[in-house]
Amino acid sequence: LYLYRAGFTGRRTHLERLDQAASGLEHGRGAMVVVTGESGVGKTRLTMEFTRRVGRRGRAVVAGQCVALGGRERDEGIQGGPLHPLLPLLRYIADHCLQQGEEAASRIVGRRVGVLAGYEPQFASLPGLAGHPEPPPLPPAAARERLIGDLAE
């Protein structure tokens with residue numbers, strides 16, 4: 001909760017780029033945007049403003065966050081697991097499918113359930129997907145390609 005929020009200045013170009021990415025949603029095109037920068041440059045404030053604007057249009061924003069490399073986290077042994085930055089998105093998808101039911105789960109996840117459940121266990125409990133076979137084991141490079149393809153779909 002912010003008691004005082006400074007005006008939003010100096011980031012209009014960045015905000016317009018984010019708005020352009022979000023405008024594709026109206027035409028059935030998804031997008032992923034990665035906001036990077038040094039500590040203190042305004043990444044959080046930019047994403048908060050963007051989230052507010054998108055929320056007013058009735059859209060959801062799911063944010064992931066990378067674990068910092070080096071520094072204190074590394075010294076304490078804190079590491080992100082596979083797909084760590086995408087876990088909030090995977091959980092959002094699984095929750096959506098649970099709320100919407102079997103038809104949504106089949107349409108959105110379908111045959112990909114076995115691969116995705118390896119990264120987010122909630123996928124294994126989605127309705128109507130128990131009949132899909134386990135994905136066959138693959139060599140690491142092929143497994144990675146399958147995962148990337150399933151995530152993209």
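Let me start with D19, which counts as buried because its relative accessibility is 14%, where buried means under 20% relative accessible area, exposed means over 50%, and partly exposed lies in between, with a 1.4 Å probe and protein chains only. Please keep in mind that this is a predicted model, in which local features need pLDDT of at least 70 and side-chain atom pairs count only at pLDDT 80 or more, while totals for chains, interfaces and linings use all residues. Residues are numbered from 1 along each chain as its sequence is written, and side-chain values use heavy atoms, with hydrogens and water left out.

The partner of D19 is R57, and their side chains meet in a salt bridge at 3.2 Å, N to O, the term standing for a side-chain nitrogen of Lys or Arg within 4 Å of a carboxyl oxygen of Asp or Glu. Since D19 lies in helix α1 (residues 12-23) and R57 in the loop between α2 (43-56) and α3 (71-75), the pair ties together parts that are 38 residues apart in sequence; helices here are DSSP runs of H or I with at least four residues, strands are runs of E with at least two, and both are numbered from the N terminus. R57 itself, at 41% relative accessibility, counts as partly exposed.

A second pair sits within one helix: E49 and R52 both belong to α2, 3 residues apart, or about one turn of the helix, and their side chains form a salt bridge at 2.3 Å, N to O. Here E49 is buried, with a relative accessible area of 7%, whereas R52 is partly exposed at 37%.

The third pair is D150 with R111, whose closest N and O atoms are 3.3 Å apart in a salt bridge. Because D150 lies in helix α7 (residues 140-152) and R111 in the loop between α5 (102-108) and α6 (113-117), this contact ties together parts 39 residues apart in sequence. D150 counts as buried at 6% relative accessibility, while R111 is partly exposed, with a relative accessible area of 47%. Both residues also belong to a network of salt bridges that links R111, R112, D150 and E153. For the structure as a whole, the number of salt bridges is 9.

What, then, is the relative accessibility of V62, and how does this residue count? V62, which lies in the loop between α2 and α3, has 31% relative accessibility and so counts as partly exposed.
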